[in-house]
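Here are some short exercises to work through with the structure open beside you. Try each task before you read its solution.

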Amino acid sequence: MNSQFIPTILKHISEIYYVVDVASYEIVETNDPDYISKTCCYQHIHSFNTPCFTKGENCPLHELNSSKAICNDAGEVTHMVLFYEQDEKYVFPETKIDLYEDNNWEKRFEAIQTPAFIVSKDFSVRLSNTTAQKLGSSVQNKILAFRPENMQRNKFANIISEDNRSYKIICNPIVNKFGEPNEYMFFAQDITELEYTKHEIIENEKKYKQLFDNYFSGFALQEIVYNDAGETVDYRFLEVNPAFERIIGVKSEQIIGKTISELSPKMNPYWVKVFGQVAQTGKSTIVESYVEEIEKYFEIYVYQSQKGQFGTIFNDVTQRKHAVRSLIESENRLATIIEHAPSAIYVANKEGKIVQTNVKATVDSGYTKAEISRLHIADIDTKFHENRTIFDKICVGIEQSSERLETVYLRKDGTQYPVELRINLINIHGERHIVWFAQDISERLSNRKRIDTHNERLESLYNISLYKYTNKRDFLDYVLHEAIRITHSKIGFIYEYNEETEFLTLNSWSREVHDECEIEDKKREYKLAETGLWGDVLRFRKPLIVNDYEQSERPHKKGVPKGHVSLHNFLSVPVFIDDAIVALIGVANKDDDYVESDMKQLQILTQGAWRILERNQLVDDLVVAKEKAEQSNEIKTAFLANISHEIRTPMNAILGFTELLDADSLGKDERSHYVSIIKQSGQQLLKLINDIIDVAKISAQAITPEKQVCDVPQIIDNSIEIIKQQQYLKFRLHIEILTLLCDELFQVYLMSDQVRLQQIFTNLISNAVKYTEKGWIKIGALPPKDEFITFFVQDSGIGISPEKHSEIFGLFNQLQSEVNIEGTGIGLSIVQGLVKLLGGEIWLDSEIGKGSTFYFSLPFNSNDRNYQEFRELEKIELYNWAKRTIYIAEDEVTSYQYLEIILEKTRVNIVHAANGVELIDLLKKQVPDLILLDINMPEMNGKDVLKWIHEYDIEVPVIAQTAYSLPEDISYLEGLGCAEHIAKPVQKDELLLKISKYFD
């Protein structure tokens, strides 16, 4: 029997029931106390030898409405449950006895087991059987007290005896052959037990009613509704229990008498058909249904209550359904997760045979699932026998917690890979199995190795940063030692490299090279072109790895010299600082191949080391710079005090003598003398300003030399004359100035900047005069050598100590002496800058008390052209610009007059404009051949004029006059369209030369 509800129902039933096998009619289960041994229902219940229906008898038990059918999974009836309930309306067959024709009636009468009496018409006892005679007289009297006229035919009458036993009295007439009643037969059936049973039945019915009302499962009794063709089309509710109301959520009065189509229009017709079959055939079934209106699932036991009716016992299984569905979904998700887990999963039985795997296991191992299922753990785990005890402990349950271990797995192709295992015990169908997760840790171990290497590299860098060294070579020896260590090499080297000269200089060789190398004359310097394969690092500016040096065939490979340490493999990297290669480091003879990580380690180590070296050098330089800055600060302070004096001195003279010129009583000679003093003071002040400007120009590299043929003797004479003018009041007349020029100087000509060369001589001669109390100053030149000519300025002055030689050319450095020396201390710095500008060098030779000699060399060009011819050509040079017109825009009258005097001999036509507005008015009328334009003018300055000229597209060369001579100022003016620039105060030769570019 397949119903789980049958035992529960039968357990609570007080009636006698029989579970009968429909094939054998054997009673297989009953609560009948009289049932002792197995027998058939018809024999036990009716004492028939054959089934009731084969005898033509009706079986009241079989026809009871309370019989139930039990079906198997295929829907076939296998058993019937029969509930025994004696029918009170059961009528004994009418006894018709013909005493005259039936000679054996007395024997049959005596054999009746029920007390029986035959009474005459006056109701006197004529005959009674043995059973009746056993009754007491009081019982007999009560039985015979009944009269037929007081009872309807075949009706029962009950009596109760003194001993509280109950009897059912049945009276039937005995007729003769003519059908006339002559006597009456009374039967007295003892129904004491039956009455007790009826009482019990009533009590059981009450209990059943209580069970019905309080049963946790819903119950409903329904009848089938047929159409005119006799087909099942609906069913109607006849009765429901309270649990039905609670589960469905509808009161019974809303359900009883209603059809399912009225209550649930969306009910699937399939279920109507199924329930109809149960009501017709009696084949019980269990179904599961979903009621959409209340969104619930029900498990329903359906049985036939009587033909055309069926009962349903159901439970709400919505939660269980959802739980099952969730469980299924969870199991599906879990299965999917396991199948596609990132770790390989294996399951093996206690013998170690693999029975289950996931996808990752097949990917890692290279086996298919079918192939893995034929393997033992030892077939893939190379260390299984070493770790066997761990598997055994887990399998027998000694180890309840998971175990972790690392091992090596073998792939199908024979390769190996490291894994980490996490092993657990699980039960599958009651058998112990081992499940383990195998995580490929190749990358983890690789990362661990990289981390170790990284830590090792950091340790090396840390050690290098803390390394105390006395010199660069000592430091690089230690760097090489660390490079060999972290790359696991045997030997190594470091070469410093100069990209401009392409020279390599050996700095460090590892000790092993020195010990093993048998070359007697070890070379320390190489030209890049001389290097072999190892020089490719510099040629291609990138690292080089060679792991097969002996077999390698490469274009620049030259092999190793005899006696050199043999090479198996090597790694070399360049060291870059600001995109320039400054060094080359190499390591060699590692036990295994060099790889990319070795190269990275070596690059980082060496770059870091060089940065440390550079940083330490920078720190040293900063210390020196700090000392120099402090010294420079002191010098600058002195310079500011000095320059203040230098400026005030000529300014006082200018202002003082200018004021004296206003006196009316001043004579002509005195006035002339005062004017000369003012002029000399102005020149002195101008020189000071020019010196400061020159320092700025030299620092900004804003001076571009204008090379031309220079008359050196004339330049020297001019310089001496300038010095004499500067020292008008203070010139030491007892100092002799001599010129010592070699004969070769008059046979060649010097191509250089005349103005800057004269400035060099002027400053050197002025410096010599300052530091010479008495004696002489010699100016001369040495014979040319190697296309250079060396000039010198020598004095018999106080001299300079050797330790001051390196400082004398610095800015604001002035030799300290007991004598108060005029000057700013920037003259020699200007000289050094100008000499370098002209392509030469400057140096000095001096001792304290023995005077000083300043030398400077300049490049020269030898030529067959006679120097005297050059002088003659220069003399006949004459400017004639009579047909040219120049507009001079200058707001200061004196400046304009100065320009007018300079240009007078050229016979050029000059037109004056006092400001920019007047100049534009002139340009609107006529465009000249050239404009001399002052930048700083009232009303409209020179910059705005240049913009106007550009806007109106006027083509005319413009030479700007300005006190600004820095590169950015000149560049700005050129951007506005200025053709040339000349600094104030304007020099005659420079002005004429610039104008001649556009007129000749």
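**Exercise 1: the largest cavity**

How much space lies in the largest cavity? Then work out what lines it.

*Solution.* Keep in mind that this is a predicted model.
- Start with the volume: the largest cavity holds about 50 Å³ of space. The count of cavities of 30 Å³ or more comes to three.
- Next, pick out the lining. You should find Asn349, Lys350, Glu351, Gly352, Ile377, Phe384, Arg388, Phe391, Asp392 and Ile434.
- Now see which element gives the most to that lining: helix H14 (residues 388-395), with three residues.
- Finally, sort the lining by class. You get four nonpolar, two polar and four charged residues.

**Exercise 2: H26 and H27**

Find the angle at which the axes of H26 and H27 cross, and decide how the two helices run relative to each other.

*Solution.*
- Take helix H26 (residues 916-925) and helix H27 (residues 942-951): their axes come within 10 Å and cross at roughly 20°.
- Angles under 35 degrees count as roughly parallel, so H26 and H27 are roughly parallel to each other.
- For handedness, H26 passes H27 in a right-handed crossing.
- Now for who touches whom: Gly916, Leu919, Ile920, Leu923 and Lys924 from H26 meet Val945, Trp948 and Ile949 from H27. By class, that contact has six nonpolar, one polar and one charged residues.

**Exercise 3: H22 and H23**

Do the same for H22 and H23, from the packing angle to the contact residues.

*Solution.*
- Helix H22 (residues 754-770) packs on helix H23 (residues 827-837) at an angle of about 150°, and the axes are 9 Å apart.
- Over 145 degrees counts as roughly antiparallel, so that's the label for H22 and H23.
- The crossing of H22 past H23 is left-handed.
- On the H22 side, look for Arg756, Gln759, Ile760, Asn763, Leu764 and Asn767; they meet Gly827, Leu828, Ile830, Val831, Leu834 and Val835 in H23. Sorted by class, the contact of H22 with H23 has seven nonpolar, four polar and one charged residues.

**Exercise 4: H25 and H29**

One last pair: classify how H25 packs against H29, and list the residues that make the contact.

*Solution.*
- The angle between helix H25 (residues 893-903) and helix H29 (residues 988-999) is about 70°, with their axes 11 Å apart.
- With 65 to 115 degrees counting as roughly perpendicular, H25 is therefore roughly perpendicular to H29.
- H25 passes H29 in a right-handed crossing.
- Tyr898, Leu899, Ile902 and Leu903 of H25 make the contact with Lys988, Leu991, Leu992 and Ile995 of H29. The class tally for this contact is seven nonpolar, no polar and one charged residues.

Key:
Residues numbered from 1 in each chain as written. Predicted model: local features only at pLDDT ≥ 70, side-chain atom pairs only at ≥ 80, totals over all residues. Heavy atoms only, no water. 1 Å grid on protein atoms, 1.4 Å probe; cavity = no way out; pocket = protein on both sides within 12 Å on 5 of 7 lines; lining within 4 Å. Points joined across faces, edges and corners; volume = space filled by probe spheres on them. Helix = DSSP H or I, 4+ residues; strand = E, 2+ residues; numbered from the N terminus. Nonpolar A, V, L, I, M, F, W, Y, C, P; charged D, E, K, R; others polar. Axes fitted to C-alpha atoms, helices over the stretch in contact; angles between N-to-C directions. Left-handed = near helix turned anticlockwise from the far one by under 90°. Contact = heavy atoms within 4.5 Å.
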